[in-house]
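This report considers the nonpolar cores, one open sheet and the salt bridges of a single chain. The sequence and the structure are shown first.

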Amino acid sequence: VPKVWDQAGNFETVLDTVTFTYDEYAASPERPDSLTGSPTNDYHFFNTFSAITGTAQDNTGGKLDNIYILVRLFSAGTTSYWNGNNWVGTEPSWPTVTPQDGTFDTATESWTFTTSGDFWTGNQNKDFAVSTMARDKALNYEVTLTSNSFVYDVIKPTATITYPQNNYWLSAASRIEGTCLDDSPGRMADVEVRIRRSTDNA
């Protein structure tokens, strides 16, 4: 609040008032900071989802201003980037997410980013990665960025029995052996075995 006098002794009676908040970047815990909650890191799925979601946080007393997002697509040694409308070959200006309550106006926010349109078209059985970066009202930016990877996998895995062989006669068998396969970038999760007695289906 400034107050001014002149040399004749006149002084200001209606004072000009400005309020401001001092909010600086904090390294540990990092503020501002953002996290992707869904999809989780190393998530494999066969049904597409309509949005990427997460949270962000600033210092107590601060306010978040925006969250930027970068989604990458990896295919045959090539990286593509989602610019908010389509996939491009060079890294674009990072698109922004949408606050779930409609406005970035607090220190803690939840956000969403729509994955509709051409986001999934033709991208079955490929790797993705998503990174986010928070900015607060004081124009502090998140520095230490994290990335969640996910895989859109629609190819079914296969399993083959290698021992015992079909129609073999055995006097004793202590094991069942086989192999399983899932095409990259898919990855095997588990193998289940069912044994049925053919005489009575028990």
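Contact is taken here to mean heavy atoms within 4.5 Å. The model is a predicted one.

**Nonpolar cores**

Under that criterion, and leaving aside residues up to four places away in sequence, F128 touches V71, R72, L73, F74, W87, F119, W120, N123, N148, S149, F150 and Y152. The largest nonpolar core comprises 22 residues, and V71 and F128 are the members that touch the most others. At least two residues of this core are supplied by each of β5 (51–57), β6 (64–75), β10 (108–114), β11 (126–136) and β12 (147–152). The largest share, 5 residues, is that of β6. A second core, separate from this one, has 5 residues, among them Y68, L70, Y81 and M133.

**The open sheet**

Four strands are arranged in the order β3-β5-β10-β9 as an open sheet with antiparallel pairing. Because β3 (33–38) and β9 (98–99) each have a single partner strand, one side of each of these edge strands is left without a neighbour in the sheet. Between β5 and β10 the antiparallel pairing extends over 7 bridges. One bridge joins Q57 to T108, its partner in β10.

**L181 in β14**

L181 belongs to strand β14 (residues 177–181). Is this residue buried or exposed? With a relative accessible area of 51%, L181 is exposed, because the cut-off for that class is over 50%. Its C-alpha atom is separated by 5.3 Å from that of T158, although the two residues are 23 residues apart along the chain. Not counting residues up to four places away in sequence, L181 touches P157, T158 and M188.

**Salt bridges**

The model contains 5 salt bridges, including those tabulated here.

| Pair | Closest N to O separation |
|---|---|
| D42 and R187 | 2.5 Å |
| D65 and K137 | 3.4 Å |
| R197 and D200 | 2.8 Å |

D42 lies in the loop between β3 and β4 (43–45) and R187 in the segment after β14, so this pair ties together parts that are 145 residues apart in sequence. D42 is partly exposed at 38% relative accessible area, and R187 is partly exposed at 48%. D65 lies in strand β6 and K137 in the loop between β11 and β12; the pair therefore ties together parts that are 72 residues apart in sequence. K137 is partly exposed, its relative accessible area being 45%. For the remaining tabulated pair, R197 is partly exposed at 48% relative accessibility and D200 is partly exposed at 43%. Through salt bridges with shared partners, D65, R135 and K137 are joined into one network.

Notes: Residues are numbered from 1 along each chain as its sequence is written. This is a predicted model: local features need pLDDT of at least 70, side-chain atom pairs count only at pLDDT 80 or more; totals for chains, interfaces and linings use all residues. Side-chain values use heavy atoms; hydrogens and water are left out. A nonpolar core is a set of buried Ala, Val, Leu, Ile, Met, Phe, Trp, Tyr and Cys residues joined through side-chain atoms within 4.5 Å. Buried means under 20% relative accessible area, exposed over 50%, partly exposed in between (1.4 Å probe, protein chains only). Two strands pair if DSSP finds at least two bridges between them. A salt bridge is a side-chain nitrogen of Lys or Arg within 4 Å of a carboxyl oxygen of Asp or Glu.
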